[in-house]
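Hi,

Here is the structure I promised to pass on. Have a look at it first, and then read my notes below.

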Amino acid sequence: MIRTLTTAAAASALLACALPAAAQDAAPASGSWSFAFGAATDNRSKDVSKSDGDAFVWGEAEWESASGLFYAGPSFETVKSSGSELEVALDAGVRPEFAGFDLDLNARHKWLIDANPGADDDAWEFTADVKRSIGPASGRVRLQYSPDSIGASEGWTWVEAQVGWDFTDKLYASAAVGRREQETSVDYTGYNVGLNYALTRNLEAELRWYGTDAEVPGEQYADSLVAGLSIAF
């Protein structure tokens, strides 16, 4: 775990220091950079744990074009997968608007650092989000696909519907249910419900419960209450 946090700290320093310098050199018309870092008691993705139920840290940097249409950037998160404790990724996508809906079309390539020899340590993921907000209410439908996942699993699809409500300008609640179909692993339905609270303009706390219908021993598919903290600037 010490090695993981040391490597993550180095990645965090790179995101926090190197990229702002590059952003300062770019003209405003070329776009802008934003940054976010955080930690939580479990690393949950598609409602299952990527850290075997243990705490994790993450960070990301994003460049956005002046129009807001295009974006790209690197990220990292600590995991437990195929002998690796760190996953890094590069994202690129577009965020157009159509008929009152906000779209987010994204391609991600991710790698496991120091995975076991011979392990399948990289993968492509493709995501399409359709979002709509009406007053304090919001909704999102997500479709994700990977032709060959990291590790022993091969292709998979994930379909999720999420609803949310802004109680105040600081307090937001949301709930989601999704279905994952995997070629060589467990098919399951996952669900989560939780609250996000803006402690300051840049600092946010989250408390969320996750569950699945997969009857698999261990922490990966087990129900979990997860607390997290993130900072964005």
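Is serine 82 buried, partly exposed or exposed? With a relative accessibility of 26%, serine 82 counts as partly exposed, because buried would need a value under 20%. You will find serine 82 in the loop that links strand 5 (70-81) to strand 6 (84-94). Its backbone deserves a look too: serine 82 is not a glycine, yet its phi is positive, at about 50 degrees.

Please keep in mind that this is a predicted model. The protein chain has an average pLDDT of 90, and 88% of the residues reach at least 70. Over residues 1-27, though, pLDDT stays under 50, and the model has 31 contacts beyond four places in sequence for that stretch. Where pLDDT is low, the predicted coordinates should not be read in detail.

Lysine 46 also has a positive phi without being a glycine, here about 55 degrees. Lysine 46 sits in the loop between strand 2 (44-45) and strand 3 (48-49). Its relative accessible area is 12%, so lysine 46 is buried, the cut-off being under 20%.

Then there is tryptophan 209, which belongs to strand 14 (residues 203-212). Tryptophan 209 is partly exposed, at 34% relative accessibility. Leaving aside residues up to four places away in sequence, tryptophan 209 touches Tyr191, Asn192, Val193, Asp223, Ser224 and Leu225. From C-alpha to C-alpha, tryptophan 209 and aspartate 47 are 9.2 Å apart in space, while 162 residues separate them in sequence.

Happy to talk it over whenever suits you.

Best wishes

How values were computed
Residues are numbered from 1 along each chain as its sequence is written. This is a predicted model: local features need pLDDT of at least 70, side-chain atom pairs count only at pLDDT 80 or more; totals for chains, interfaces and linings use all residues. Side-chain values use heavy atoms; hydrogens and water are left out. Helices (H or I, at least four residues) and strands (E, at least two) are DSSP runs, numbered from the N terminus. Buried means under 20% relative accessible area, exposed over 50%, partly exposed in between (1.4 Å probe, protein chains only). pLDDT is the predictor's confidence in each residue, from 0 to 100. Contact means heavy atoms within 4.5 Å.
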